[in-house]
Amino acid sequence: AIQHFQLVLDQCQAGHPDQAAALTNLAWARLQDYIQNDPQDIDSITSLFREALALRPQGHPDHPLSIYHLLQALIWRYSKENFTAAYIHESAQLSCKLLRLFVLELCPLGNEYHPSALHELAQAVERRFKQCGSIDDLDECIQCRREAVSLCPGGNSKYESYLNNLALSLKFRFDYQGKFHDLNEAISLYEEALRVGNKYRDFSLDNLGLALLTRFNHCNDINDIIRAISLHREALTLCPPGNPYHDYTLNNLALALQTKSDASEDLNEIIELYRDSLLFTRLDDPERHINLHNLSSALCSRFTQTHENEDIEEAIRLCQESLEALPSLHPDRYFGYMLLQEAYLSRYRVQCKSADLSLAMENFRLASRHPTQGFPERIKEAVDWARQAEAYRHDSALEAYQVCLQLFDNHIMTRSTIISRREAATAFRGARSLPIDAASCAVRRDDLRHAVELVEQGRGQQWSLASRLRTPLEDLESTNSNIAHKFSELSKCLADAQGSTVSTDGAIADQAAVEYRRITTQWEAAVAEIRNLQGFSRFLLPPSYEDLQAAAHHGPVIILIASQYSCSAIIVPTSGEPHHVCFPRITLTHLETFKKDFAREIRQASRMRPEETRKELQVLLRTVWDEIMLPIVIVLQRDLRITCRSRIWLCPTAAFTSIPLHAAHLFRTKADGRGRELCLEDVYICSYTPTLSALIRSRQMMKTRVTPSFAAIGQSSPGVGQGEALLNIDSELELVCKLVPMTANPTTLSGDDATRAGALDALQCNTWVHLACHGKQDHEQPYNSRFAMRDEPLTLLDIMENDTPHAEFAFLSACHTAVGDEETPDEVIHLAAGLQFSGFKSVIGTLWVVDDAVVKHVVEAFYENMFSDSEDGVVMDCTKAAWALNRATNAVKAKVPLEQRMVFIHIGV
C-alpha cells in the first residue's frame with residue numbers, strides 16, 4: 001500500500017488538485033506501519049501531514065481532518081518515544097483548534113448551547129495558558145468569554161458565572177501584561193456579578209477581594225485593602241469547613257491580612273490561617289503550590305523579625321516542594337524562584353553566609369528569565385535583582401541590568417500605541433534611572449565601551465521604539481530590494497496598527513491588540529531574515545560601541561552620567577577607546593539641587609532689567625565650569641588633543657539635562673585686570689544630542705538633498721488655556737522671512753491660519769521651519785508636550801505620527817515667551833529632541849526666559865550667518881547650524897549681558 005501511495009504522490013506534484021489527498025494517504029499508511037512497531041522515520045511522516053495541512057487552510061472542507069491526522073501522528077509519537085515539551089505544546093494547540101472547529105460548528109451562533117460551547121472552549125484554552133503562558137491563549141479565552149457574556153441576558157442563570165469567568169481572565173492578563181484597564185474592568189465585572197446574582201456569591205466576593213488586593217499593591221489606596229479583607233471575611237462565612245473552597249478562601253484572607261500588616265502578632269495569626277488552608281488542600285490539587293508559596297512568604301517575614309532559624313528552613317523547604325510539583329514551563333514557577341531568593345537573602349542578612357547570597361542571586365536570575373511568566377513580574381524581579389546586587393556588591397549586578405533593559409524592550413514592544421509604551425516603561429518604581437545606573441555599574445568596572453552601549457540602549461529606548469519603524473533602508477535596498485520592500489510594507493502596517501486612538505470597547509481593543517501582535521510577529525520574522533544577510537547581523541539590535549562611535553565622526557561626544565551610585569562623563573572620541581572623566585565632588589543630590597537653583601534663578605533673571613548683574617546665576621554657571629566642564633575640557637585638550645574652536649556634542653542624562661552645560665563660565669576677571677576669562681562657547685562649539693543613535697540617524701537621513709522650502713509658523717493669540725498673548729510674534733516672523741533667501745520660497749503661517757492642522761501640514765511640506773509660539777513640556781506624559789496654536793495644541797505625538805519626509809531644520813523660538821513659568825533647560829532639550837526624533841536633523845531651541853529684544857538680536861544674527869551658496873542655489877546646511885548660532889551669540893556681545901547670550905541651544909548635526 002505504501003509503495004502504491006508513493007507512486008500516486010509522484011504523479012501529484014505541486015499544484016495538482018489531489019496532492020493533499022495523496023500526501024495524506026501515504027502518511028496515513030506509513031503511520032499504520034509505525035504503529036505496528038515497524039521502524040519508520042516519524043519526522044518524515046509528520047512532515048507529510050504538515051504539507052497536507054498547509055494545502056488545506058482554514059475554510060477548506062478537509063481542514064479539520066488534516067488537523068486530526070497530524071494530531072494522531074503526534075500522539076502516537078508521544079506514546080512510543082515520550083518526546084519533548086515542544087511537541088506536547090503543539091498537540092495541545094491542535095487539539096484546542098480542532099475542538100473549536102467542531103464544537104462551534106455543532107453549536108453555531110443562535111443555538112441555545114452556543115454560549116456554553118464558548119465557555120467550555122475558553123476553559124480549555126485558559127488551562128493551556130496556565131501551563132504554557134502563551135498570551136495568545138489568554139486573548140482567545142477572553143474573546144470567547146466576552147462573546148458568551150454578550151449572548152447571555154442579565155436574567156439568565158449562567159450570566160453571573162460568565163461575568164466571573166471573564167473577570168478572572170482579565171485579572172490573569174493584567175498579571176501578565178500589566179494593563180490597568182484590564183484590572184479595573186475585572187473589578188467592575190465582579191461588582192456586576194454581585195449585583196445580578198447570589199449563586200456564585202462566594203466566588204465573586206473572594207475574587208473581587210483578590211483584584212482589590214492587586215490594585216492596592218500597585219496604587220497603595222488603603223480603601224482597597226480594607227475592602228478586600230472585608231470581602232474575604234464575608235466569603236469565608238459562605239465557605240465553612242467542609243466546603244471544597246474553604247481552603248482557597250482561608251488562603252486569600254490570610255494573604256490580604258499579611259499585605260495590610262507585618263506585625264509579629266498578626267503574622268502568627270496569618271501563619272495559622274495558611275496552615276489551616278494547607279491542611280484542607282488535597283495533595284493532588286493543581287493550585288496547592290499557591291498555598292505553599294503564601295505560607296513560605298509569611299514564615300520568611302516572621303524570620304526577619306524573630307531570627308528563628310526553623311521558620312526560614314521551613315520557608316525554603318516549602319518553596320522547593322512547590323517547584324518540584326510544577327512543570328518546567330508553568331508560569332507560577334516564577335513565584336517559587338522569587339520566594340526562594342527572598343528567603344536566602346533574608347537568611348544572608350542575619351547569618352552573613354556567602355553561599356546564601358549566591359543562592360539568592362541565582363534565584364533572581366531564574367525568576368527574571370522564566371520564559372512563561374509575564375513581563376511586568378519579571379521586570380520587577382530583575383529591577384530588584386539589580387538593586388540588591390548593587391547593595392551587596394555582587395558580581396551579577398551588570399547582568400541584572402542587562403536583563404532589565406532587554407525585558408523592558410520586549411515588554412514595551414507588546415504595546416500597540418506610543419502612549420501605552422510610555423505608560424508601560426514608566427510603571428515600575430525606579431525604572432527611569434536603570435539605564436544610567438547600568439552605565440554607572442559598567443564604568444565602576446572600568447568597562448567604558450559597555451557603559452556607552454548600556455546608556456544608549458536604555459536612554460534611547462522610548463524614542464527609538466517610536467522611531468524604529470522609520471529606519472533608513474537605502475543600504476538594504478541595494479542589497480536585497482525584495483526583502484527591503486517586504487520590511488517597508490510590514491513597518492507601514494505596524495505603524496498603522498499602533499495608531500494613538502484606543503477604543504473604549506474592550507472587545508474591539510482586544511481584537512486590535514491581537515492584530516497588532518500578529519503583524520509584529522511577521523515584522524520580527526522579516527527582521528530575523530534581514531539579520532541573516534551579510535553585513536546586516538545587527539539590524540535594529542542595540543548598537544555596539546563600534547556602531548555608536550560613528551556619532552563622533554565630526555567631533556567627540558560627551559555622555560554625562562548622573563546616577564545615584566556615581567556621577568561622571570564618558571568621552572567618545574572619533575577613534576580609539578572612550579575616556580572616563582570623574583566628578584569627585586558631584587553627586588546626584590548636588591545635581592538635583594542645581595536643577596532647583598537654576599529654575600529659581602532663571603525665573604528671577606526674567607524679572608530683572610538688562611543692565612542688572614545676575615550674580616546668583618553667575619555663581620551657578622561658575623560651579624558648572626569648575627566641577628563639570630573644566631575636567632572635561634582638560635581631557636579633551638590634554639589627552640585627545642581637541643583644539644580650540646572644534647565642535648563637541650553633549651549628551652546629558654537624568655539631572656544633567658536640567659543644567660545649561662554649554663553656558664559654563666568662570667565669570668572671573670583675569671589676573672591683569674583686563675576683561676574676563678573665556679567661557680565654554682569660546683573654547684568649543686557645543687551642540688547637544690539626546691542619544692548617539694539620533695545623531696547618527698540624522699546624518700544618514702541627510703544623504704538625499706531636496707529643494708529647500710521654508711515656513712515660519714507663529715501664534716500670537718493661542719487658544720483658551722494655552723498661554724497669554726505674545727506681542728512680538730508677528731514682527732519676529734516678518735524679520736525671519738526677510739532674512740531667508742527667496743529661492744527657499746519662504747511662507748508665513750500665523751493668526752487664525754496657525755491651527756494644529758495647519759501647522760502639521762506646514763511641517764510635512766517644508767524642509768526648514770521656524771516655530772514662534774508658547775511651548776510647554778508635559779512631565780507626566782512627555783509625548784503630550786506641546787506648542788500652542790489657535791485652536792488646540794500641537795503635541796510631539798502629533799508631530800511624531802505626522803509624515804515629515806523632507807524635514808531638515810527647525811528653529812524653536814518658543815520657551816522664552818513663557819514669562820514666570822518654571823521652565824528649565826531639560827524642557828527645551830525635551831521639546832527640541834522630540835522634533836529631532838520626529839525627523840528634523842537639526843534643531844535650535846530657546847533655553848530660558850529672556851527679554852524679547854535678546855531673542856530678536858540672536859535670531860537676526862543667526863539667520864544672517866546661516867545661508868551659503870552652492871551649485872544648486874542657496875543652502876541652509878544643517879551642519880552649519882551650530883557655527884551660525886555661535887557667531888550669532890558672539891555678534892550680540894555688545895548688546896546684551898554675557899549670561900543672556902547663552903539663551904539658545906543647538907541639538908543635532
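Tutor: Before we start, a definition: helices (H or I, at least four residues) and strands (E, at least two) are DSSP runs, numbered from the N terminus. Two strands pair if DSSP finds at least two bridges between them. This is a predicted model, in which local features need pLDDT of at least 70 and side-chain atom pairs count only at pLDDT 80 or more, while totals for chains, interfaces and linings use all residues. Residues are numbered from 1 along each chain as its sequence is written, and side-chain values use heavy atoms, with hydrogens and water left out.

Student: How many helices and strands does the protein chain have?

Tutor: The protein chain has 37 helices and 16 strands.

Student: And what share of the residues is buried?

Tutor: Of 909 residues, 56% are buried. Buried means under 20% relative accessible area, exposed means over 50%, and partly exposed lies in between (1.4 Å probe, protein chains only).

Student: Let us take a hairpin. How do β2 and β3 pair?

Tutor: Strand β2 (residues 567-572) and strand β3 (residues 579-582) are antiparallel, with four bridges between them. One bridge partner of a β3 residue lies in β2: His 579 is matched with Ile 571.

Student: Which residue of that hairpin takes a positive phi?

Tutor: Gly 576 does, with a phi near 90°; the hairpin has six residues between its strands.

Student: Now the open sheet of three strands. What is its order?

Tutor: The order is β9-β10-β11, and the pairing is antiparallel. β9 (775-776) and β11 (794-795) each have a single partner strand, so one side of each lacks a neighbour in the sheet.

Student: How many bridges join β9 to β10?

Tutor: Two bridges join β9 to β10 (residues 786-787). Lys 776 has Arg 786 of β10 as its bridge partner.

Student: β11 is one of the elements that cover α33; which others are included?

Tutor: The cover over the buried residues of α33 also includes β6 (710-714), β7 (747-749), β8 (768-772) and α34 (796-801). The helix itself spans residues 756-765, and its buried residues include Gly 758, Ala 759, Leu 760, Ala 762 and Leu 763.

Student: Switching topic: how many aromatic pairs are counted?

Tutor: The count is 12. Rings of Phe, Tyr and Trp (its six-membered ring) pair if their centres lie within 6.5 Å; planes under 30 degrees apart count as stacked, over 60 as edge-to-face and the rest as tilted. One of the pairs is Phe 174 with Phe 180, edge-to-face at 5.2 Å centre to centre and 65° between the planes.

Student: Are those two rings' residues buried or partly exposed?

Tutor: Phe 174 is buried at 3% relative accessible area, whereas Phe 180 is partly exposed at 32%. Another edge-to-face pair is Phe 811 with Phe 862, at 5.3 Å centre to centre and 70° between the planes. This pair links distant parts of the chain, 51 residues apart: Phe 811 belongs to strand β12 (residues 809-813) and Phe 862 to helix α36 (residues 852-866).

Student: Which residues make up the cluster with Phe 811 and Phe 862?

Tutor: Ring pairs join them with Phe 710, Phe 809 and Tyr 863. Both Phe 811 and Phe 862 are buried.

Student: Which residues in the largest nonpolar core touch the most other members?

Tutor: They are Val 452, Val 557, Ile 559 and Leu 692, in a core of 86 residues. A nonpolar core is a set of buried Ala, Val, Leu, Ile, Met, Phe, Trp, Tyr and Cys residues joined through side-chain atoms within 4.5 Å. Apart from that core lies another, of 69 residues, among them Phe 656, Ala 663, Leu 680 and Val 769.

Student: What does Ser 368 touch?

Tutor: Leaving out residues up to four places away in sequence, Ser 368 touches Arg 378, Glu 381, Ala 382, Trp 385, Val 403 and Leu 407. Contact means heavy atoms within 4.5 Å. Ser 368 lies in helix α17 (residues 354-368) and is buried at 1% relative accessibility. Its C-alpha atom is 8.4 Å from that of Cys 404, although the two are 36 residues apart along the chain.

Student: How many disulfides are there?

Tutor: The count is zero, where a disulfide is a pair of cysteine sulfur atoms within 2.5 Å. Cys 404 is buried at 0% relative accessible area, and Cys 686 is buried at 14%.
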